[in-house]
Amino acid sequence: TYLPDEAGAYKNMTGRSYLRFMASLFTNEKAKQKEFVERAVEIAKLEGRIDDKIGSYSRGMIRKLLLARAVMTRPALAMLDEPTSGLDIINALEIRRLIRRLADEEGMSFLISSHNMLEIEFLSDRVGIINKGVLLMSGKPDELKQQFNASNLEEVFERAVEQA
């Protein structure tokens, strides 16, 4: 499953009707569709707003809905591009915690593209440092920090690019 940075949802649909529509693209089985929608509603945690039109949602609410859509089928791998881009601190933390929980408790794997190295450090078990389309190195965050005598992945990135 792929969730692009600039993903959108149909603003004239409610959150629930959008999830139903998306579930119908994955399976024709009504029971499975219902299961996917219930899972997504639980993940999105939009409470009473799930039946409001998406056009009335904040950017954070839309990202939660779209992330829930991306993982409602329990894919083995979900690719997320800038999952918290443009979100306020509270919504970004909620999205990060959700991703971490899905990885830890449900064994889902995520491939995350982000310019936010602190976010990547929080979310990732393994990291690839890419600059101008070239993979410079990969490894566990703590190993990379030790290798570059760095206190965080931003410093690792900076030093890796300088050495390249």
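The following paragraphs lead from the overall fold of this protein chain to the packing of its opening helices, an aromatic cluster and two individual residues.

The model is a predicted one. In the protein chain, seven helices and five strands make up the secondary structure. Their order along the sequence is β-α-α-α-β-α-β-α-β-β-α-α. The C-alpha trace extends over about 55 × 30 × 25 Å along its principal axes. The chain has 164 residues, of which 45% count as buried. Contacts that link distant parts of the sequence can also be assessed: among contacts between residues at least 6 apart in sequence, 60% join residues at least 24 apart.

Attention may turn next to helices α1 and α2. Two packed helices are described by the angle between their axes and the distance between the axes. For α1 and α2, the axes come within 9 Å and cross at roughly 135°. At that angle, α1 is oblique to α2. The crossing in which α1 passes α2 is right-handed. From α1, the residues that take part in the contact are Arg 16, Leu 19, Arg 20, Ala 23, Ser 24 and Phe 26. Their partners in α2 are Gln 33, Phe 36, Val 37, Ala 40 and Val 41.

The loop between these helices, α1 (15-26) and α2 (30-44), contains Thr 27. Is Thr 27 buried or exposed? Its relative accessibility is 14%, and Thr 27 therefore counts as buried, since the cut-off for burial is under 20%. A polar atom of the Thr 27 side chain lies 3.1 Å from the backbone nitrogen of Glu 29. When residues up to four places away in sequence are set aside, Thr 27 touches Lys 32, Gln 33 and Phe 36. Of these, Gln 33 and Phe 36 also belong to the α2 residues that meet α1.

A further feature involves aromatic side chains. A pair of aromatic rings is described by the distance of the centres and the angle of the planes. Three aromatic pairs are found in a search of the whole structure. One of them joins Tyr 10 and Tyr 18, with a centre-to-centre distance of 6.2 Å and 55° between the planes, an arrangement classed as tilted. Tyr 10 also pairs with Phe 21; here the centres are 5.9 Å apart and the planes stand at 80°, so this pair is edge-to-face. Why does the pair of Tyr 10 and Phe 21 tie together parts that are eleven residues apart in sequence? The reason is that Tyr 10 lies in the loop between β1 (2-3) and α1, whereas Phe 21 lies in helix α1.

Tyr 10, Tyr 18 and Phe 21 together form one aromatic cluster. Within this cluster, Tyr 18 is buried, at a relative accessible area of 2%. Tyr 10 is partly exposed, at 49%, and Phe 21 is likewise partly exposed, at 34%.

The final residue to consider is Asn 131, which is placed in strand β4 (residues 127-131). With a relative accessible area of 21%, Asn 131 is partly exposed. Which residues does Asn 131 contact, leaving aside its neighbours within four places in sequence? They are Leu 136, Phe 157 and Val 161. Met 72, by comparison, is 59 residues from Asn 131 in sequence, and the two C-alpha atoms are 32 Å apart in space.

Conventions. Residues are numbered from 1 along each chain as its sequence is written. This is a predicted model: local features need pLDDT of at least 70, side-chain atom pairs count only at pLDDT 80 or more; totals for chains, interfaces and linings use all residues. Side-chain values use heavy atoms; hydrogens and water are left out. Helices (H or I, at least four residues) and strands (E, at least two) are DSSP runs, numbered from the N terminus. Buried means under 20% relative accessible area, exposed over 50%, partly exposed in between (1.4 Å probe, protein chains only). A polar contact is a pair of N or O atoms within 3.5 Å; within protein, one must be able to donate a hydrogen and the other to accept it, and residues adjacent in sequence count only if both atoms are side-chain atoms. Contact means heavy atoms within 4.5 Å. Rings of Phe, Tyr and Trp (its six-membered ring) pair if their centres lie within 6.5 Å; planes under 30 degrees apart count as stacked, over 60 as edge-to-face and the rest as tilted. Axes are lines fitted to C-alpha atoms, for helices over the stretch in contact, and angles run from 0 to 180 degrees between N-to-C directions. Angles under 35 degrees count as roughly parallel, over 145 as roughly antiparallel, 65 to 115 as roughly perpendicular and the rest as oblique. A crossing is left-handed if the near helix is turned anticlockwise from the far one by less than a right angle, and right-handed if clockwise.
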